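Got your viewer open? Here is a short tour, stop by stop, with a suggestion of what to select each time.

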Amino acid sequence: MAGTLIRSLFNNLSLYGTNNSNLRSIHTSTLHYAARKGTRAKARAKKVKVEVTKVGFIPHNQRKKDSATKTVTNKHMDDTYKRVSNDNVFPMRYYRWVVYTAEDAVRAHQETHHPTMYNLPDALVYARVEMNMEAIKKNRYLESFTRLTLLPHSFPRDEERTILAFCKGPELIKKALEAGATTAGANEIVKKILDGEIKLGDYDFVIAHPNMITEMVPIRGLMKRRFPNIRNGTLDPNICDLVKKFAAGIQYRVLKDEQQENFGSVQVPVGRLNMDVKHVAENIDFLLKDIQSARPKRDGLFITRCVIVSPPSTERLKIDPFVHVDRTLSKEVQEESDDEGDAVAVKA
């Protein structure tokens, strides 16, 4: 009965002209749903076996030693809180350092390098200078910088420098060569560089007279940062003094400490022990003033300590740097810095 009723309904539908093609078939096959992202990866990770390596016995004082935080000590040493010793022999750990004059420090090193002791009467003397690298703005610090200075009293060093000097005129070229230049010339040097006959890498320093700047334009791309300019001190009309400065001058680099950003130091040779003591002291004075000229315009100390050393001796003889340089900024410099600050404020 039910079968005949359904059959009649389908027949009636066909009579009214319905389109059987519009009738969709029912999907009865099984459906496969994709897993969420990361589900299969987590399942695979669970199957991976973790191998546990057994560690032998570790003493209690060695456990977690690497993970412990390292305490950084302040490298700006200040021993003013310590007592002053009344004797000549005392442990430096509990008393203040003895402060020498520059001349007395050199004399003391001369005694230790006597033939009866180290037997190095011509050993080099170094000045180790420590600085506070704080800049004008708070939480800002000076970066490491390099300077070149000509000390008033030259001394032999185990160093040979090659200098390429650009200047016009036979007289200037002759004077530059006599002053210590390795090679000196004008347009002919430029042509040899372009032809590859002269290599710039063979020279430590490249200096020039201002009248050669236009002639050197074709090799500017080859020289890059070594192109002479006033800022680097490699361009000067007095070419002879410039050659002497680079030939006999002392080049030093003040390094900022990696762990303590407000600490910087440099060790510079200032003479030999067989020189006159006063000459070495004058070199120390000139060096400290040259370093002090790089100080930022802020309150507080820039040079914090100066020690005179002479290897192979391990003695470090402290001198007072403020005998040679001012402890604080002069009023004129402070007024200039204040005026600069006002000008910046007006521009803003």
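With which side chain does the side chain of H209 make a polar contact? Select H209 and N211: their side chains make that polar contact, at 3.0 Å. Keep in mind throughout that you're looking at a predicted model.

**Stop 1: around H209**

Stay on H209 for a moment. You'll find H209 in the loop between β6 and α6 (220–223). Is H209 buried or exposed? Its relative accessibility is 13%, so H209 counts as buried, the cut-off for that being under 20%. Now add P237 to the selection: the side chain of H209 reaches the backbone oxygen of P237 at 3.1 Å. To fill in the surroundings, show F166, C167, L172, L235, D236, P237 and I239, which H209 touches once residues up to four places away in sequence are left out.

**Stop 2: the second largest pocket**

Next, select F205, N232, T234, F246 and Q251. Of the 16 residues lining the second largest pocket, these are the closest to its centre. The space in this pocket comes to about 370 Å³. Colour β3 (145–149), β6 (205–208) and α7 (239–248), since each of them supplies at least two residues of the lining. Which element gives the largest share? That's β3, with three residues. If you colour the lining by residue type, expect four nonpolar, five polar and seven charged residues.

**Stop 3: the largest pocket**

Now move on to D79, T80, W97, V99 and K318. They are the closest to the centre of the largest pocket, out of 23 lining residues. About 500 Å³ of space lies in there. Two strands to highlight are β9 (303–309) and β10 (317–319), each of which supplies at least two lining residues. How does this lining divide by residue type? Ten of its residues are nonpolar, four are polar and nine are charged.

**Stop 4: helix α3**

Keep β9 and β10 on screen and select α3, residues 102–112. Which residues of this helix are buried? Pick out A102, A105, V106, A108, H109 and T112. Look down the axis of α3: these residues cover an arc of only 155° around it, and so they sit on the same side of the helix. What covers them includes β9 and β10, along with β1 (99–100) and α8 (277–292).

**Stop 5: E134**

For the last close-up, go to E134, in the loop between β2 (124–132) and β3. E134 has 33% relative accessibility, so E134 counts as partly exposed. Put a distance label between the C-alpha atoms of E134 and R295: they are 9.4 Å apart in space, though 161 residues separate the two in sequence. Then show R140, Y141, N262, P296 and R298, which E134 touches, not counting residues up to four places away in sequence.

**Zooming out**

Finally, switch to a cartoon of the whole protein. You should be able to trace nine helices and ten strands. Colour by burial and 34% of the 348 residues come up as buried. The link between distant parts of the sequence shows up in the contacts too: among those between residues at least 6 apart in sequence, 70% join residues at least 24 apart.

Methods:
Residues numbered from 1 in each chain as written. Predicted model: local features only at pLDDT ≥ 70, side-chain atom pairs only at ≥ 80, totals over all residues. Heavy atoms only, no water. 1 Å grid on protein atoms, 1.4 Å probe; cavity = no way out; pocket = protein on both sides within 12 Å on 5 of 7 lines; lining within 4 Å. Points joined across faces, edges and corners; volume = space filled by probe spheres on them. Helix = DSSP H or I, 4+ residues; strand = E, 2+ residues; numbered from the N terminus. Nonpolar A, V, L, I, M, F, W, Y, C, P; charged D, E, K, R; others polar. Buried < 20%, exposed > 50% of the residue type's maximum accessible area, 1.4 Å probe, protein only. Arc of directions from axis to C-beta. Contact = heavy atoms within 4.5 Å. Polar contact = N/O pair within 3.5 Å; in protein donor to acceptor, adjacent residues only side chain to side chain.
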